[in-house]
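Hello,

Here is the structure for your files. Please have a look, then read my notes below.

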Amino acid sequence: MASAGLFECRLCGLSAPYGYVGRRPPDSRSVVLLEESYVTRDPFAPGKDKFLVVGSRCGLCDKPVCAGPGCSLFYSKRFCLPCTWENIDAFPREIRHDLEKKRAETKPSSKKPDSRT
């Protein structure tokens with residue numbers, strides 16, 4: 001898989017070379033991805049048939065976004081988190097619940113450090 005370009009996530013800035021964009025990565029036999037993805041060869045696996053999905057384009061804004069949980073969500077298509085939050089009511093209750101839980105877990109603590117230490 002020769003390098004075809006450089007993928008850059010619009011949210012976190014992750015950049016990685018990719019060798020293929022599409023749903024059927026070359027040399028991967030019968031693998032069909034659920035979305036058109038930016039794919040690179042797995043540098044840690046022997047053989048050329050192993051690959052990593054770097055990211056995809058948001059199904060709403062069409063901007064590149066990595067597959068990391070802090071940047072995107074896959075629900076029939078990949079959605080960047082800003083578009084997901086803008087359209088949160090369009091997602092099933094379970095997805096909304098999971099996102100709210102994640103948001104609560106990542107909020108910084110409002111506790112002030114104890115000044116007595």
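**Strands and cysteines**

Strands β3 and β4 (residues 37-41) run antiparallel and are joined by three bridges. Two strands count as paired if DSSP finds at least two bridges between them. Strands (E, at least two residues) are DSSP runs, numbered from the N terminus. Y20 stands opposite V39 in β4.

This is a predicted model: local features need pLDDT of at least 70, side-chain atom pairs count only at pLDDT 80 or more, and totals for chains, interfaces and linings use all residues. Residues are numbered from 1 along each chain as its sequence is written, and side-chain values use heavy atoms, without hydrogens and water.

The wider sheet is open. It has four strands in the order β3-β4-β5-β6, with antiparallel pairing. Its edge strands are β3 (20-22) and β6 (64-66), each paired on one side only. On average, neighbouring strands in this sheet are turned by 35° against each other, direction ignored. Axes for that angle are lines fitted to C-alpha atoms, and angles run from 0 to 180 degrees between N-to-C directions.

Now the cysteines. The structure holds zero disulfides. The cut-off is a pair of cysteine sulfur atoms within 2.5 Å. Why is C71 not bonded to C66? The closest cysteine sulfur to that of C71 is in C66, 3.7 Å away, which is too far for a bond. C83 is in no disulfide either; the nearest cysteine sulfur, that of C80, is 3.5 Å away.

C71 is buried, at 7% relative accessible area. C83 also counts as buried, at 8%. Buried means under 20% relative accessible area, exposed over 50%, partly exposed in between (1.4 Å probe, protein chains only).

Best wishes
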